[in-house]
Amino acid sequence: MSQSVPGVLQKVRRPILVALAAFAVTLPMLALPLPAQAAATATTRMANFTAGPATVVKGKTISVAAQSQRAAGKVWAKTGAVTATVYFDPDGTAPNKAVRTVKSNASGYVSVALPATVSGRWSIRLAAQGSLKASASVQKYVKVVPAPKQTSARPASKWNCPAWAPIKGNAPSRIYHLPGQRFYTRTTPEICFTSEAAARQSGYRKSKV
């Protein structure tokens, strides 16, 4: 036999009232503000900053390093482990940008090696973290120069030099032979040169025939 409408309403009324009561208890808790993070209070610096060498061949390595320190009264103390970011400001119109984020060791020392591409200024920045305020190192300029052109090479085979360095150098006699000279095809080279100037600079003299 089917229940009356008042009976059905009576059955669903109690769960609804329980749910509303629970929500009423939770609502004030949701309105409470989240605990604020402690403001950074310790002044910091990125000390002993180095970037170099001052002049480096393109493709070689640039080393960038610094140590994060915090003010402790009248002295500077190690911060402990931190995370810092290496910045590079290249020559030209390209903007200064972050190139690598690195973690320091337990003494706050940050060190990273990066490939040399173009000339520009390097620096390291420490973002605010924990009780430490943000700081940045000075900038240091590193000049990147093209790799010197190769002027000599190993022989391509026992009798032949590579096409781009065709001059044969005979090490025991310190004589070099040009293509077309009398003993060129009979010489087994120990070294091959791109030019006569390169051969002479290496201490070789030209064959007389």
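**Note on strand S8 and the nonpolar cores**

1. In this predicted model, strand S8 pairs with strand S10 (residues 140-145) through 3 bridges, the two running antiparallel. Within this pairing, Gly120 is set opposite Val142 of S10.

2. Strand S8 itself spans residues 120-126 and is mostly covered, with 5 of its 7 residues buried. As general background, side chains in a regular strand alternate between the two faces of the sheet.

3. Strand S5 (residues 83-90) is also joined to S8, in antiparallel fashion and by 7 bridges, and here Val86 has Ile124 of S8 as its bridge partner. A further antiparallel pairing, of 2 bridges, links S8 to strand S9 (residues 135-136), where Arg125 is partnered by Ala136 of S9.

4. Which residues have the most contacts inside the largest nonpolar core? That core has 23 residues, and the residues in question are Phe49, Ile62, Val64, Val86, Trp122 and Ile124. Two or more residues of the core come from each of strand S1 (44-52), strand S3 (61-72), S5, strand S7 (109-115), S8 and S10.

5. Val86, already noted as the bridge partner of Ile124, deserves a separate look. Leaving aside residues up to four places away in sequence, Val86 touches Val64, Val112, Leu114, Trp122, Ser123 and Ile124, and also the run formed by Lys97, Ala98, Val99 and Arg100.

6. Another nonpolar core, of 7 residues, lies apart from the largest one, and its members include Ile167, Tyr176, Ala199 and Tyr204.

Technical notes: Residues numbered from 1 in each chain as written. Predicted model: local features only at pLDDT ≥ 70, side-chain atom pairs only at ≥ 80, totals over all residues. Heavy atoms only, no water. Buried < 20%, exposed > 50% of the residue type's maximum accessible area, 1.4 Å probe, protein only. Helix = DSSP H or I, 4+ residues; strand = E, 2+ residues; numbered from the N terminus. Pairing = 2+ DSSP bridges. Core = buried A, V, L, I, M, F, W, Y, C linked by side-chain atoms within 4.5 Å. Contact = heavy atoms within 4.5 Å.
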